[in-house]
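Here are a few short exercises to work through with the structure open beside you. Try each one before reading its solution.

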Amino acid sequence: QVQLVESGGGLVQAGGSLGLSCVASGYITRINEMRWYRQDPGKPRVLIASISASGRANYADSMKGRFTISRDNVRNTAYLQVNSLKPEDTAVYYCNAEILEFGAERFIPYWGQGTQVTVSS
């Protein structure tokens with residue numbers, strides 16, 4: 001059973017920084033693209049950034065500058081560093097990854113359960 005588990009969320013003061021992690025576990029042959037999203041209550045999930053298996057990162061236009069995505073292919077882990085946090089960054093942050101399970105023929109997208117980030121002013 002493949003799972004994605006995010007961690008690192010919490011309560012942070014405005015101006016602070018936070019590092020989120022997303023670990024994929026299970027019988028995994030390969031992980032293709034990994035992505036970070038965030039979702040405000042009552043709003044659609046919004047893409048923050050994605051990173052390819054080779055490490056090429058892409059950011060949504062509105063997220064450029066304060067967010068940094070990275071990954072460790074040995075640990076099947078993606079990271080999101082967020083700097084200069086603002087109250088409007090308060091949201092649930094989700095990880096998404098395209099995973100080829102052992103014995104499977106195609107990549108399947110998986111989601112983590114999310115981690116809450118709350119930024120106080």
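The exercises below concern a predicted model and go from the overall fold to single charged pairs.

**Exercise 1.** Describe the secondary structure and overall dimensions of the protein chain.

*Solution.* Start with the elements: the protein chain has 11 strands and 0 helices. Next, compare its radius of gyration, 14 Å, with the 14 Å from the globule rule for 121 residues; the two are close, so the chain is as compact as a globular protein of that length. Finally, look at the extent: the C-alpha trace spans about 50 × 25 × 25 Å along its principal axes.

**Exercise 2.** Where in the chain do the partners of the salt bridge between Arg-38 and Asp-89 lie, and are they buried or exposed?

*Solution.* First, the geometry: the side chains of Arg-38 and Asp-89 meet at 2.8 Å, N to O. Then the positions: Arg-38 belongs to strand β4 (residues 28-39), while Asp-89 sits in the loop between β8 (77-82) and β9 (91-101), so this pair, 51 residues apart, links distant parts of the chain. Last, apply the cut-off of under 20% relative accessible area for buried. Arg-38 has 14% and is buried; Asp-89, with 1%, is buried too.

**Exercise 3.** Which residues form a network of salt bridges with Arg-35?

*Solution.* Begin with one pair: Arg-35 and Glu-33 form a salt bridge at 2.8 Å, N to O. Now add Glu-98, which is linked with Glu-33 and Arg-35 in a network. As for accessibility, Arg-35 counts as buried at 14%, whereas Glu-33 is partly exposed at 23%.

Note on methods:
Residues are numbered from 1 along each chain as its sequence is written. This is a predicted model: local features need pLDDT of at least 70, side-chain atom pairs count only at pLDDT 80 or more; totals for chains, interfaces and linings use all residues. Side-chain values use heavy atoms; hydrogens and water are left out. Helices (H or I, at least four residues) and strands (E, at least two) are DSSP runs, numbered from the N terminus. The radius of gyration is taken over C-alpha atoms; the globule rule is 2.2 Å times the number of residues to the power 0.38. A salt bridge is a side-chain nitrogen of Lys or Arg within 4 Å of a carboxyl oxygen of Asp or Glu. Buried means under 20% relative accessible area, exposed over 50%, partly exposed in between (1.4 Å probe, protein chains only).
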